[in-house]
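Notebook open, model loaded. I want to see how the strands and the nonpolar cores fit together.

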Amino acid sequence: MTKVLIVLMGFFLMFLSETLGTGEHLKYKDPTKPLNVRINDLLGRMTVEEKIGQMVQIERVNASADVMKNYFIGSVLSGGGSAPSKEATAKDWVDMVNEIQKGALSSRLGIPMIYGIDAVHGHNNVYNATIFPHNVGLGATRDPELVKNIGSATALEVRATGIPYAFAPCIAVCKDPRWGRCYESYSEDPKIVQEMTEIILGLQGEIPPDSPKGVPYVGGKDKVAGCAKHYVGDGGTTKGINENDTVIDRHSLFSIHMPGYYHSIIKGIATVMASYSSWNGEKMHAHKELLTDFLKNTLNFRGFVISDWQGIDRITSPPHANYTYSIIASVTAGVDMIMVPYNYTEFIDDLTYLVKTNIIPMSRIDDAVKRILRVKFVMGLFENPLADYSLVNEIGKKEHRELAREAVRKSLVLLKNGKSTSTPLLPLPKKAQKILVAGTHANNLGYQCGGWTIEWQGASGNNLTSGTTVLDAIKETVDPETEVTFEEQPNKESLQSHGFSYGIVVVGEYPYAETNGDSLNLTIPDPGPSTITDVCGAMKCVVIIFSGRPVVIEPYISSMDALVAAWLPGTEGKGITDVLFGDYGFTGKLPQTWFKTVDQLPMNFGDPNYDPLFSLGYGLTTEPIKAE
């Protein structure tokens, strides 16, 4: 009898296994079924452990096939600079992502993982990818259609590497340039930030007219799930200190920092990332009123809320001081997916205990998992979990580089042109006997791109990726007869007997990201200021500033003939020479108020004592030179 039972049980298990394996009667695997039917069918089959696994996002270095399968991991990410290998190709990326995905698919229910990456100015972790201007430069273009096209190009390059999820766009409203993430903000003006949410339609696809409000939309295999960040008030912290406290009243929070989220949700944004910062002392990662009551219930956001990198750890000071409390506070507040790059087993064990002892209700877990599954179903991840090589040639392709070049042209803001209005220096003549190019940033692609480029903090030099420096662009643009001399830091003696027709000085900030970019003085690093004064004291000069924000220039501006704010333009340096030499005109407008001294900060357009060096919206124009 026992043997008969064992045999029958064996047949039953084999039948069950085959049923699960073939997808027979599994509604969640049937793309013809309505979205909510699929979600509820799958949720109903999941154990507590499988649900909690979906809420976890780990760093790719930990994402072995065994970890993915045994812990039912829902998501994996690349942190800044985290790549399969140095100078990895698109195929290398696809292979890595697919190996991780196969681990996820081998679990009992075969739920695909979603792989996320910071693609914040193009696919910026990837060698040879097109690097677009950082958001502050795009804000200067005032061109939402251009930004949408950049979203489409970025989506293609991200998908080319097998990745379906980008942590973009950053819709922060930077109210103080001392903040190290100011370059990730389109503007201090909420209306400009709202307009630039058009990038979502490029990243995720044009949302159909009948799409229900608040439900995520991702339009196929050449689009990615996006992420509006960092919710909310990240750009309004005291003195611009990163991850600090935004001390403002409710009306100001909702009229300045919230509008970008209204537009993002209308445009079908898939995910929202919580901010490290606080609002009036309460951490956003633990802010139930704003995460659940307002974002989810009032705005009807149906995608998922993701934490920032180790974001829940930072609910306490020092971070991770009371991890159990951090888990309770964040999950009950409404964070659905938790970015735990390394200590995922601790998180899983603690959350499992908290659920099984009813400290965190199962209804909250179910809500989080439904949201995560909704995004995965909407984007077709169950039907197409594995990537192929069909898009690998999208990386850094000519059309994308031309688009980036256009963006650079439109982002440049001309702040001064001539010692007097009657004697403009720009556009420069291409034909000249001899010209000087000087400065730390003229021949440094890493400086030209800024932070979040190949490495998290960015890097120095010309070998980190492929692109065109300003120096190379100048050499390729001027008349073949024109002699171009480059001296990074020219000495005064050589300048005295120069015989130069004019000088082009390119200086600015060194790359940084996040807290490393916080600055209370906002000065141009040495030897930038002395290069400006030395060159401009010896000849007619145009100064080009590479920076993520307005910096101190008032002491030097009188010595310059012309001044261009070029922000952090990315890999396509020819966009600068296109305008500098008159093939196109200057059209960019300041996205940020340019202060006189840091003592004035914070100072924004409309403030009672508004007395800037250059106002928000300022920007001189030039006419293109007609071809002879």
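Before anything else, I fix my cut-off: I call a residue buried if its relative accessible area is under 20%. I also remind myself that this is a predicted model.

**Entry: strand 16.** I started with strand 16, residues 541-546. I found 6 of its 6 residues buried, so the strand is largely enclosed by the rest of the structure. Then I checked which way the side chains go. In a regular strand the side chains alternate between the two faces of the sheet. Here C541, V543 and I545 point one way, V542, I544 and F546 point the other way, and all are buried.

**Entry: its partners.** Which strands pair with strand 16? I got strand 15 (residues 502-508), parallel, over 6 bridges, and strand 17 (residues 562-567), also parallel, over 5 bridges. For register I noted that V505 has V543 as its bridge partner in strand 16, while V542 is matched with A562 in strand 17. I also traced the connection: strand 15, helix 20 (residues 528-538) and strand 16 make a β-α-β unit, and it is right-handed.

**Entry: the annotation.** I looked up the record too. UniProt, in an unreviewed entry, puts "domain: Glycoside hydrolase family 3 C-terminal" at residues 412-621. I computed 10 Å between the end C-alpha atoms of that span, with 17% helix and 16% strand.

**Entry: the cores.** Nonpolar side chains tend to be buried together in soluble globular proteins, and I went looking for where that happens here. The largest nonpolar core has 121 residues, and Y231, L290, F347 and L351 touch the most other members. Helix 7 (residues 144-160) gives the most to this core, with 8 residues. Apart from it I found another core, of 35 residues, among them V120, W452, V535 and L563.

I zoomed in on L290. Ignoring neighbours within four places in sequence, I listed L290's contacts as Y231, V232, L253, F254, M258, W279, M284 and L295.

**Entry: the sheet with Y231.** What is the strand order in the open sheet of 3 strands? I read 5-7-10, with parallel pairing. Strand 5 (227-231) and strand 10 (304-306) are the edges, each pairing on one side only. The twist averages 25 degrees from one strand to the next. Strand 5 and strand 7 (residues 271-274) share 4 bridges, and Y231 has A274 as its bridge partner in strand 7. Last look: helix 12 (residues 288-298) lies across strand 5, strand 7 and strand 10, at about 140 degrees to strand 5.

Notes: Residues are numbered from 1 along each chain as its sequence is written. This is a predicted model: local features need pLDDT of at least 70, side-chain atom pairs count only at pLDDT 80 or more; totals for chains, interfaces and linings use all residues. Side-chain values use heavy atoms; hydrogens and water are left out. Buried means under 20% relative accessible area, exposed over 50%, partly exposed in between (1.4 Å probe, protein chains only). Helices (H or I, at least four residues) and strands (E, at least two) are DSSP runs, numbered from the N terminus. Two strands pair if DSSP finds at least two bridges between them. A crossover is right-handed if, with the strands pointing away from the viewer, the path from the first strand over the helix to the second runs clockwise. UniProt positions are given in the numbering used here, feature names are shortened, and annotations may be inferred rather than shown by experiment. A nonpolar core is a set of buried Ala, Val, Leu, Ile, Met, Phe, Trp, Tyr and Cys residues joined through side-chain atoms within 4.5 Å. Contact means heavy atoms within 4.5 Å. Axes are lines fitted to C-alpha atoms, for helices over the stretch in contact, and angles run from 0 to 180 degrees between N-to-C directions.
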